[in-house]
Amino acid sequence: MIDQVRPTDLDAWIAAQGGNGLVLDVREVPELRAASVQPQGFELLAIPMNEVPARLAEMDPDRPIACLCHHGGRSQRVAMFLAHNGFSRLANVAGGIDAWSRERDPSVPRY
């Protein structure tokens with residue numbers, strides 16, 4: 001089961017996992033140009049969804065990873081893919097970057 005974490009609850013989820021969290025942004029490059037989060041208390045790694053299978057080695061399967069996309073659908077699929085490939089400390093950022101802008105950081109543009 002993949003944890004569903006609202007943007008406002010991300011810090012608490014990372015802390016509950018022991019810290020050293022990674023937010024994996026799986027949006028495409030034009031989306032990243034339109035809006036991006038600022039890493040605060042976590043590392044940010046941007047890998048477009050279709051590149052994740054080829055780039056698994058860039059991530060530690062024991063590290064807490066929260067997946068992020070525009071609204072939460074693609075990131076949920078990536079989290080499920082990671083779970084099937086040995087990653088165990090996973091969350092989906094529910095509502096994606098759109099919710100991030102509304103709930104956590106209004107300086108992040110909505111698109």
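Biologist: Which residues have the most contacts inside the largest nonpolar core?

Modeller: Happy to start there, keeping in mind that this is a predicted model. Nonpolar side chains tend to be buried together in soluble globular proteins. Here the largest nonpolar core has 17 residues. Those with the most contacts inside this core are L24, V52, M59, I65 and L82.

Biologist: Which element gives the most to this core?

Modeller: Strand 2, strand 4 and helix 3 are the elements that give two or more residues to the core. The top contributor, with three residues, is helix 3.

Biologist: Let me pick out L82; which residues does L82 touch, leaving out those up to four places away in sequence?

Modeller: L82 is among the residues with the most contacts inside the largest core. Its partners include L24, V52, M59 and I65. The rest of the list is L56, C67, F87 and L90.

Biologist: How many residues does the other core have?

Modeller: Another core lies apart from the largest one, and its members include L10, V37, F42 and A66. The number of residues in that core is 15.

Biologist: On to the sheet: in what order do the five strands lie?

Modeller: The strands form an open sheet, and their pairing is parallel. Strand 1 and strand 3 are the edge strands, each pairing on one side only. On average, neighbouring strands are turned by 30° against each other, direction ignored. The order is 1-5-4-2-3.

Biologist: Which residue in strand 5 stands opposite V5?

Modeller: Strand 1 and strand 5, the latter covering residues 90-93, pair in the parallel sense over three bridges. Within strand 5, the residue opposite V5 is V93.

Biologist: What angle does the direction of helix 3 make with that of strand 5?

Modeller: Helix 3, residues 73-84, packs on the sheet. In doing so, helix 3 touches strand 1, strand 2, strand 4 and strand 5. The angle between the directions of helix 3 and strand 5 is about 175°.

Biologist: Is D25 buried or exposed?

Modeller: D25 is found in strand 2, residues 22-25. Leaving out residues up to four places away in sequence, D25 touches L32, L44, L45, A46, I47 and L68. Its relative accessibility is 0%, and the cut-off for burial is under 20%, so D25 counts as buried.

Biologist: Now for charges: how far apart are the N and O atoms in the salt bridge of E103 and R6?

Modeller: Side chains of opposite charge can pair when their charged atoms come close. E103 sits in helix 4, whereas R6 is in the loop between strand 1 and helix 1, 97 residues apart. E103 is partly exposed at 29% relative accessibility, and R6 is partly exposed at 33%. The N to O distance is 2.2 Å.

Biologist: Which arginines form salt bridges with D98?

Modeller: One partner, R102, lies in helix 4 like D98, four residues apart or about one turn of the helix; the closest N and O atoms of this pair are 3.2 Å apart. The other bridge, at 2.8 Å from N to O, is with R110, which lies in the segment after helix 4, twelve residues from D98. D98 is buried, with a relative accessible area of 7%, while R102 is partly exposed at 47% and R110 is exposed at 52%. The two arginines are R102 and R110.

Biologist: How many salt bridges does the count come to?

Modeller: Besides the pairs we have discussed, E51, R55 and E58 are linked in a network of salt bridges. The count comes to nine.

Biologist: Last one: which residues form the aromatic pair, and what is its geometry?

Modeller: The count comes to one aromatic pair. Its centres are 6.0 Å apart with 85° between the planes, and planes over 60 degrees apart count as edge-to-face, so that is the geometry here. One partner is in the loop between helix 2 and strand 3, and the other is in helix 4, 58 residues apart. F42 is buried at 7% relative accessibility, and W100 is buried at 2%; the edge-to-face pair is F42 and W100.

Technical notes
Residues are numbered from 1 along each chain as its sequence is written. This is a predicted model: local features need pLDDT of at least 70, side-chain atom pairs count only at pLDDT 80 or more; totals for chains, interfaces and linings use all residues. Side-chain values use heavy atoms; hydrogens and water are left out. A salt bridge is a side-chain nitrogen of Lys or Arg within 4 Å of a carboxyl oxygen of Asp or Glu. Buried means under 20% relative accessible area, exposed over 50%, partly exposed in between (1.4 Å probe, protein chains only). Rings of Phe, Tyr and Trp (its six-membered ring) pair if their centres lie within 6.5 Å; planes under 30 degrees apart count as stacked, over 60 as edge-to-face and the rest as tilted. Contact means heavy atoms within 4.5 Å. Two strands pair if DSSP finds at least two bridges between them. Axes are lines fitted to C-alpha atoms, for helices over the stretch in contact, and angles run from 0 to 180 degrees between N-to-C directions. A nonpolar core is a set of buried Ala, Val, Leu, Ile, Met, Phe, Trp, Tyr and Cys residues joined through side-chain atoms within 4.5 Å.
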